[in-house]
Structure formats: C-alpha cells, structure tokens
Amino acid sequence: MAASFVSLHHVSGCFTYPRPEREYRRTHFHSHGWSPAPATKYRLRPINASVETPSFPLFQPTPVQESASQLEPADPDFYKIGYVRSMRAYGIEFKEGPDGFGVYASKDVEPLRRARVIMEIPLELMLTIRQKLPWMFFPDIVPLGHPIFDIINSTNPETDWDLRLACLLLYAFDKEDNFWQLYGDFLPSADECTSLLLATEDDLSQLQDTDLASTMKNQQLRALEFWEKNWHSGVPLKIKRLARDPGRFIWAVSIAQSRCINMQVRIGALVQDANMLIPYAGLVILLHGLLYFSFLCLLVYDGCMLCDAYPFVTTDMLNHSFQPNCFLHWRFKDRMVEVMINAGQRIRKGEEMTINYMNGQQNQMLMQRYGFSSSVNPWDSIPFSGNAHVHLDSFLSVFNISGLPGEYYHNSQLADKGDNFVDGAVIAAARTLPTWSDGDVPLIPSMERKAVKELQEECQQMLARFPTTSAQDQKLLGEHFICLSG
C-alpha cells in the first residue's frame, strides 16, 4: 500500500494525533571524554508546601498550575539594566513564580484595529549575525583582527548558524561593559536548561524516539568537535577564557538554539535575513516532571477527560502558545524589535503574553530546539501505511465515540471487551474530519469502516512498542493524581 503522511490540518486522510509528550530533566553527560564539575542536584521548587524530591524522577509530581497569588514582581534590576539602555515596556509586568519568569498584562487591553506595542528592544542590546556571507554583526562588537572572527568564519555557512551565535554570545560575556555581561545573570544555568544538547545518553534513550536521539547525539558530537578544533591548548588566552571546557561551549550552543529568532531586518538600505538573540523576548523553556507514558497526554478513560498532563513554562519572559496573543516586528526607522499585541485581541489584566516559537513545526522539531513537545500541537502528525479517506461518521462508529461535536466522549458501553483505544487526541482528530453531508459519500460505507479498523489496529501496534501498557499508564496516572491531591 502507498504510504501516507497526514497532519490534523488535512481533513481527507488517515486520522492523526500528536505523539506522547515526553519530558525529562537533563544531567551532565560523560560520553565524550570530558568530565565537567559535578552538577548541583536539581530540586523542584515548592509550590504550596516544602516537599522532599523523590530519588527517582518517574514519581515526581506534575507542578500545580500557577495562580496569581504565586507570582511576584521580578527583580527590579532585570528591567533596570535594559531601561537605562532604551529598552521600554508598556502595560506589562515582569513576574516570577515557582517555575520562572513571565510577562503579564498590568491592565485590561481592549481590542483595537491595529496592533499595539508592549515592548521595544533596541538593536544595541541584541546579538545579531547575518545568515549569509559576508558575516555582518549588529551591533558590530567584534574588533578588527580578533581571533573570534576567524573561528566564526571557519563555520559552514549553510548549517552552523548556532555555532556562530554561540561564539558571539561567549565573546559578549567577556567584552567589558557589554549588556550581556549583566543579562547573563538571568539566563538559565546548565542545570536548568532543558536543551537536549545537554542530555546524557540515558536521557536520550528515554525519549523513546530513536531518530531524535540519534540527531541530538550527532549535534552533541558536532559541538564537541568544534570546541576541540578551536579551543586547543595553543589558542590565545583571549579565546581560551571564553570556554575553558566543552561544557561551557555546549551550554552556549544550547542557549543559541533555544533563544535564536530568525527575522528579516532592514538596516539603512540593506535588507537581510539575520539570526538574532533578543533579550526580554527570549524563548527558553523549563519543564518539570518526568513521566513517560506510552499513550497520549490527553486521555479519555471511561468517558472522562483526565488531564492535559504536562504544562511547560518559560524561565525567561515570553511563553509559547499555538494561539499566541503577541508577535514580533522589526521597526527599521529606529532599529527596534517590537513585541506587539495582535490586532483585535482582547487582553485581561493578569493574562500572560505569549508568542509562537515555531509556526508549522512538528513536535520533534520543538523537542530538538527547545526540549518540549505539546499534546495540542496542530501541526504534529504520525505516518500510517495506506491512503484511506475517512469520514467522520465511520470514524465515530468504529471508535465508539458519542456526543455532540463539542462534547465528544468514548462510550464504553458500546465498545467490545478490550476495545477501548480512545484518547483525547483521537477525539481531536474526529473534530477535523468531514461528514458525509459534505457531498462526498463513499460508495460502500462498510469499506470505509474497514479502513478505520485497520488504522485502529496499526495504532495499537505502535503503542505496543512502548515499554508500558495503557493499563499500566492509567495506574501510574491514578497514583499521580492521588499524590497531587494528598
């Protein structure tokens, strides 16, 4: 049968659903011949009461959703160091909760016909490299003849954007009176950053995604080899002190990957594509909890929606959302990046300001760049063999889904014994399918039902490859809820 690869936005193909959300916390890896200083044991911050961190991460509870009472104003110096350098914020507050920083509306914002500015970040505070040769830096902080330029110039123009940006970041940390010397105090440390570049081989194996694990191992090796090539014993001290060990350089690469924003900017008469590190609009993620389930994170069990199990939050400013209320814009006349509220968007006081990190990307790319995946990613898909066209009526019948479109649920009374493969993502897929009333009635409905059955069986085969069964996952999830409620 011909292979098919269909996303949730494609209504006439095999049903699809997001992969299980897989979370982990990184630890130092030692498989490449270097041994950094032992990392401090990471502890979950208390939410309502002080609790002892379990020794095994599988049983660490999912954090409780933040409430307004748990948020406190961020350190005034965080905004002050940017304010004195012409960074401005309007109608927002920087707050810090148990899980990190965030940007929140300080007042109600009524919908307007035009986008509204809430932050202005001048070019002088950014680190920017042109994506193509010749390399150009804005602002140009690299002095003529400095050996860091030779290192940047040795990179592959097509693939090594993150290595170039990491070199520039390390140089900015070392440059006297540079803004990033101060801002670096608010960046996540190696123990807090969730980039898969900092994962151990054991961490990567627990992803249950061999392709992603192999990709990250190759990237780790690539970063290590680049450091060994350019930070050898004979390099000048001005280069050696930027990254005295590979851990420091790999951390810088992880910051570059997870914080880089690609924008087309105009400076004078020059319009160019640039890789940019933009303070206050950073995209670094902090995840809590380590639960690996062999089923999807939105689970419908006996007709009840249990949870969207794993939230993710930012450690530095703007959070991610697939339905963001803000976006980034380049204002060329005075060389500013603006954070703007969407036109027609209503914002309530205390609501978090969000942007979309990578539009149109599947969960694997989000995991690779930021270390998180989402069960509500509308662009994620799973390939199935076959090319069946499935309509809603057949789909609901085979999966024993009942209720109105906005209130679908799994009707266990209609299901045969053992035939209860339904979760929240299957429900979500049902909402994307066309009905027979749309003018595309199959000639033989029973053939379509047979195709849905084949897809259901293929789904079950995929789940069988995971180390735990659905029943075991439900038991773990039940124990997890008891732990939280206790």
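Over how many bridges do β8 and strand β9 pair? In this predicted model, β8 and β9 (residues 270–277) are joined by 8 bridges and run in the antiparallel sense. Within this pairing, Met 263 has Ala 274 of β9 as its bridge partner.

The two strands belong to an open sheet of 3 strands, arranged in the order β7-β9-β8 with antiparallel pairing. The edges of this sheet are formed by β7 (127–130) and β8 (260–267), each of which pairs on one side only. From one strand to the next, the twist averages 40°. Helix α3, which spans residues 161–174, packs on the sheet and touches β7, β8 and β9. The direction of α3 makes about 140° with that of β7.

Helix α8 covers residues 246–259, and strand β8 begins at residue 260. The helix has 14 residues and reaches 20 Å from its first C-alpha to its last, which is close to the 20 Å expected at 1.5 Å a residue. In an α-helix there are 3.6 residues a turn, so residues three or four places apart point the same way. Most of α8 is covered, as 13 of its 14 residues are buried. At the start of the helix, a contact links a side chain to the backbone: a side-chain oxygen of Asp 245 lies within 2.9 Å of the backbone nitrogen of Gly 247.

A further open sheet contains 4 strands in the order β3-β6-β16-β15, again with antiparallel pairing. Its edge strands are β3 (88–89) and β15 (326–331), and each of these pairs on one side only. Strand β15 is joined to β16 (residues 336–341) by 6 bridges, and the two run antiparallel. One of the residue pairs concerned is formed by Leu 328 and its bridge partner in β16, Val 339.

Two cysteines may be considered in relation to these strands. Cys 260 has a relative accessible area of 4% and is therefore buried, because this value falls under 20%. Residue 260 is also where the edge strand β8 begins. Cys 326 has a relative accessible area of 3%, so this residue is likewise buried. Residue 326 marks the beginning of β15, an edge strand of the sheet of 4 strands. The structure as a whole holds 0 disulfides.

Key. Residues are numbered from 1 along each chain as its sequence is written. This is a predicted model: local features need pLDDT of at least 70, side-chain atom pairs count only at pLDDT 80 or more; totals for chains, interfaces and linings use all residues. Side-chain values use heavy atoms; hydrogens and water are left out. The expected span of a helix is 1.5 Å times one less than its number of residues. Buried means under 20% relative accessible area, exposed over 50%, partly exposed in between (1.4 Å probe, protein chains only). A polar contact is a pair of N or O atoms within 3.5 Å; within protein, one must be able to donate a hydrogen and the other to accept it, and residues adjacent in sequence count only if both atoms are side-chain atoms. Two strands pair if DSSP finds at least two bridges between them. Axes are lines fitted to C-alpha atoms, for helices over the stretch in contact, and angles run from 0 to 180 degrees between N-to-C directions. Contact means heavy atoms within 4.5 Å. A disulfide is a pair of cysteine sulfur atoms within 2.5 Å.
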